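Open the model in your viewer and follow along, one selection at a time. Each stop says what to pick and what is there.

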Amino acid sequence: MSDISNYFDYAATTPVHPHVAEAMIPYFSESFGNPSSAHQWGQQAFAAVEEARESLSKHFHTGPENICFTGSSTESNNSILNHFVMSYWNENKKPGHLIISPLEHNAVGQTAKHLQDSGFCVVDYLPVNHHGIVNPNDLAGMIQKDTVLVSIIYGNNEIGSINPISDLGMICRSKNIPFHSDATQYAAHHMMDLQNLPVDFVSIAAHKCYGPKGIGALISSSKNKILPLIYGGRQENTQRAGTHNVPYIVGMARAYAILKSEYQDRSTTEKYFRDRIIHQILTTIPDSIVTGHPENRLSNHTSFAFRYIDGLSLLALMDQSGFAVSIGSACRSTLIKGQQQLRDIGLSDEWINGGIRITVGAFTTDRAVDELIITLARHVSFLRKYH
Ligand SMILES: Cc1ncc(COP(=O)(O)O)c(C=O)c1O
């Protein structure tokens, strides 16, 4: 395997923090009980789940009863859209109105489309500017009497821009419309206080924040009962059936507790590398632009478009040279998701094929950044020879 300092894809996933792994280990084969069992093994596991819930709820400034553990942020997003759309349908037997942005992660975008294609809702897309950011003034005009939910991504996974969540939330509050934000990327790098942020629900995952994969949560700012997506048990107040994944729940809570204690240092270091990479790429690689907002972006996130470059070829060359970067998740047959987002923010074909995401984290070093940029510049100039 390559040197871990050459890993520049922390937005895809992060390695598990050693203290997180340490906290999880006892719950695999020592305190292995099922939290739903009444005996002492079960109760020990139950106590661990409740302690994790308490810890996570304090981190997000909400009550423990407002944390619903899920198997991923994808599930959290599915769950909240399903809840509001299907509740309205069940009551009114007609489709409700759902507002999202065109730059949602597929976990929101495709769920909305599926619900619309099934006839359960009509989806409206809040326009984005050339930085991929929505305008709260547009939201006010788009809300209807039958709007069931507004769901807008907090920090964009592909282009890093941060949406004005507080202003959007104020508009939703003033019109009494539930507001959800996919905070999977944002919450992994920034502090969130649901007592002072006008957001009703957020989705998070552990693996973007040095926790394990396959565990997430849907967090609300006040008490709500969500329709289950998964039936067959009374876990999570019957909102999400299935035996609790105790070690992963413990791991997720520990990952966020560590984020809180290390936040200042992490944030300073991430921004230092982020801004260095942006500056160096723009000054050393001709015909390169930053995609997303140059400053109002996730603290660990950089993304670029290189004119007349095929991103897939660049990614492969970087991989051969030992560097992990990203061009977005391949989830459409003809278009890479990240590339679709570049089209949505108005870039032309000569740019969108050359979109690259470089995200930094715990193992990033100055030396690796220097080498990354030299290597990137070399491969870009090589590929351009064949354009
Ligand atoms: C913004 C955003 N939402 C949702 C997800 C999905 O999270 P999970 O991997 O927990 O399903 C991701 C993961 O890439 C993401 O970046």
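## Start at R274

Select R274 first: it is buried, with 22 other C-beta atoms within 10 Å. This is a predicted model. R274 is found in helix 8, which spans 246-284. Now show what R274 touches. Leaving out residues up to four places away in sequence, its contacts are S299, N300, H301, T302 and V360. Add H59 to the selection. H59 and R274 are 215 residues apart along the chain, and their C-alpha atoms are separated by 25 Å.

## Step to strand 9

Two of the contacts of R274, H301 and T302, lead to the next stop. Select 301-306, which is strand 9. Six of its six residues are buried, and the strand is mostly covered. Look at one side: H301, S303 and A305 are buried there. Turn the strand over. T302, F304 and F306 on the other side are buried too.

Which strands pair with strand 9? Select residues 288-290 for strand 8, which pairs with strand 9 in the antiparallel sense over three bridges. To see one of these links, pick S288, whose bridge partner in strand 9 is F306. Then select strand 10, residues 355-359. Strand 10 also runs antiparallel to strand 9, and five bridges join them. Pick A305 and look across: G355 of strand 10 stands opposite.

Stay on strand 10. Is it enclosed or open? Five of its five residues are buried, so strand 10 is largely enclosed by the rest of the structure. Both faces are covered. G355, R357 and T359 lie on one side, I356 and I358 on the other, and all are buried.

## Just past strand 9: Y308

Move along to Y308, in the loop between strand 9 and helix 9 (311-320). Check its backbone. Phi of Y308 is near 60°, a positive value in a residue other than glycine. Most residues other than glycine have a negative phi. Y308 counts as partly exposed, because it has 15 C-beta neighbours inside 10 Å.

## Color by domain

Now color the chain in two parts. The domain assignment gives domain 1 as 4-14 + 263-385 and domain 2 as 18-258. Their C-alpha centres lie 28 Å apart. Where they meet, the contact takes 25 residues from domain 1 and 26 residues from domain 2.

Look at the domain 1 side of this contact. Helix 8, strand 9 and helix 10 (337-344) each supply at least two residues there. Which element gives the largest share? Helix 10 does, with four residues. By type, the domain 1 side divides into six nonpolar, 14 polar and five charged residues.

## The loop before helix 8

Go to the loop between strand 7 (216-220) and helix 8, and select N237. N237 is exposed, because 12 other C-beta atoms lie within 10 Å. Phi of N237 is near 55°, again a positive value in a residue other than glycine.

Next select Q239, which sits in the loop between strand 7 and helix 8 as well. Buried or exposed? Q239 counts as buried, because it has 20 C-beta neighbours inside 10 Å. Leaving aside neighbours within four places in sequence, Q239 is in contact with C68, K225, I226 and P228. Add F69 to the view. F69 and Q239 are 170 residues apart along the chain, yet their C-alpha atoms are separated by 9.3 Å.

## The ligand

Show the ligand and its shell. Around the ligand are S72, S73, T74, H105, A107, I153, N157, D182, T184, Q185, A205 and G216. How do these residues divide by type? Three are nonpolar, eight polar and one charged.

## A β-α-β unit

For the last stop, select residues 96-100 and 121-125, which are strand 2 and strand 3. They pair in the parallel sense over five bridges. Pick L98 and look across to V123 in strand 3, which stands opposite. Then add helix 5, residues 106-117. Strand 2, helix 5 and strand 3 together make a right-handed β-α-β unit. One residue of helix 5, A107, also belongs to the ligand shell.

How values were computed. Residues are numbered from 1 along each chain as its sequence is written. This is a predicted model: local features need pLDDT of at least 70, side-chain atom pairs count only at pLDDT 80 or more; totals for chains, interfaces and linings use all residues. A residue is near a molecule or strand if its C-beta atom, placed from the backbone, lies within 6 Å of it. Ala, Val, Leu, Ile, Met, Phe, Trp, Tyr, Cys and Pro count as nonpolar, Asp, Glu, Lys and Arg as charged, and the others, Gly among them, as polar. Two strands pair if DSSP finds at least two bridges between them. A crossover is right-handed if, with the strands pointing away from the viewer, the path from the first strand over the helix to the second runs clockwise. Domain bounds come from an automatic or database domain assignment. Two residues are in contact if their C-beta atoms, placed from the backbone, lie within 7 Å.
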